[in-house]
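Visitor: I am new to this structure and would like a close look at its salt bridges, with a short stop at one helix afterwards. Could you walk me through them?

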Amino acid sequence: MNSVLAKNPVLAKCALFLYLAFALISLPLKAETLAAPGAYQTLFSQSADTAQLVALSQKLNLGETVRGHFVQSRQLKVLKKPLISQGQFIFDQTQGLIWQQIKPFESLLILKDKQLIQRDSQGRVQISKADASASAAVMGDLLPSLVRAMLGGNISGLSENFELHFLNTDRLSPDGQWQLGLTPKDPLMKKAIANMVLEGSDVLQSLVLLSAAPNVTPQDMTRIDFSALSQGTLSEAELAQYALALEASKP
């Protein structure tokens, strides 16, 4: 982690939320090979136009509530094999985001009202408030915007905080494979995550996070693959998970 983030633990945790790990150390469940960073050079050489973003927004709009499964592969420069974790998530436009890791150990992350609530495998709860400083507040605003765009189809709002790039990777496919590249405009966020890539066809399939420019290697890289995306109102059990945020914030 760079020195700027190291001096601001709240900002660091907010930035690491995009890695969906927040200092949680995953164990290598199996060896997988991630795409080389250079595979995204073509994407980041092209700008996205309005028509492309409108079409993409329609594909990604899954409604007010969406849930699904994830498999996260995190490749660090200091490790030979990726770290693999998996679990499930819920995103609700009003309630926020729940990221529940199941393997290799259980943990729960909730992003709600500019708060990050973490519950580890021992049941211990920790709260970080994104508005503890001006720089952390910027990060706290950007992260929900990214999630809403990724799962709710609100792509146009991203242009305020990110440089957008778009590429149709398979024009002959009926579903039309695509990539949307995002480069943060905010210097603090860019130091934490240099570039992001959303990939999909008729629905979102993956999120890739790069710690440096696409042509730089080696670098830290995270790929999150999504599956079994579904819509529907929140169940009582899901609402109970969000209630943890309220309970944890009480004095």
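Guide: Here is a tour of the salt bridges, followed by a visit to a helix.

This is a predicted model, so keep in mind that local features need pLDDT of at least 70 and side-chain atom pairs count only at pLDDT 80 or more, while totals for chains, interfaces and linings use all residues. Residues are numbered from 1 along each chain as its sequence is written, and side-chain values use heavy atoms, with hydrogens and water left out.

Side chains of opposite charge can pair when their charged atoms come close. A salt bridge here is a side-chain nitrogen of Lys or Arg within 4 Å of a carboxyl oxygen of Asp or Glu. By that rule there are four salt bridges.

Let us begin with Arg-67 and Glu-238, whose closest N and O atoms are 2.8 Å apart in a salt bridge. Arg-67 belongs to strand S1 (residues 65-75) and Glu-238 to helix H6 (residues 236-249), so this pair ties together parts that are 171 residues apart in sequence. Helices (H or I, at least four residues) and strands (E, at least two) are DSSP runs, numbered from the N terminus. Both partners are buried: Arg-67 has a relative accessible area of 15%, and Glu-238 has one of 11%. Buried means under 20% relative accessible area, exposed means over 50%, and partly exposed lies in between (1.4 Å probe, protein chains only).

Now turn to Arg-124, which forms a salt bridge with Asp-120, again with 2.8 Å between the closest N and O atoms. Arg-124 is exposed, at 56% relative accessible area, whereas Asp-120 is partly exposed, at 24%.

Next come Arg-223 and Asp-225, joined by a salt bridge of 3.0 Å from N to O. Arg-223 is partly exposed at 22% relative accessibility, and Asp-225 is partly exposed at 28%. Through salt bridges that share partners, Glu-199, Arg-223 and Asp-225 form one network.

Our last stop is helix H3 (residues 50-60), with the buried residues Leu-53, Leu-56, Ser-57 and Leu-60. Viewed down the axis of H3, these buried residues fall within an arc of 105 degrees, so they line one face of the helix. That arc is the one spanned by the directions from the helix axis to the C-beta atoms. On the face turned away from the buried side of H3 you will find the exposed residues Ala-51 and Gln-58. Where H3 starts, a side-chain oxygen of Asp-49 comes to within 3.3 Å of the backbone nitrogen of Ala-51.

Key: Polar contact = N/O pair within 3.5 Å; in protein donor to acceptor, adjacent residues only side chain to side chain.
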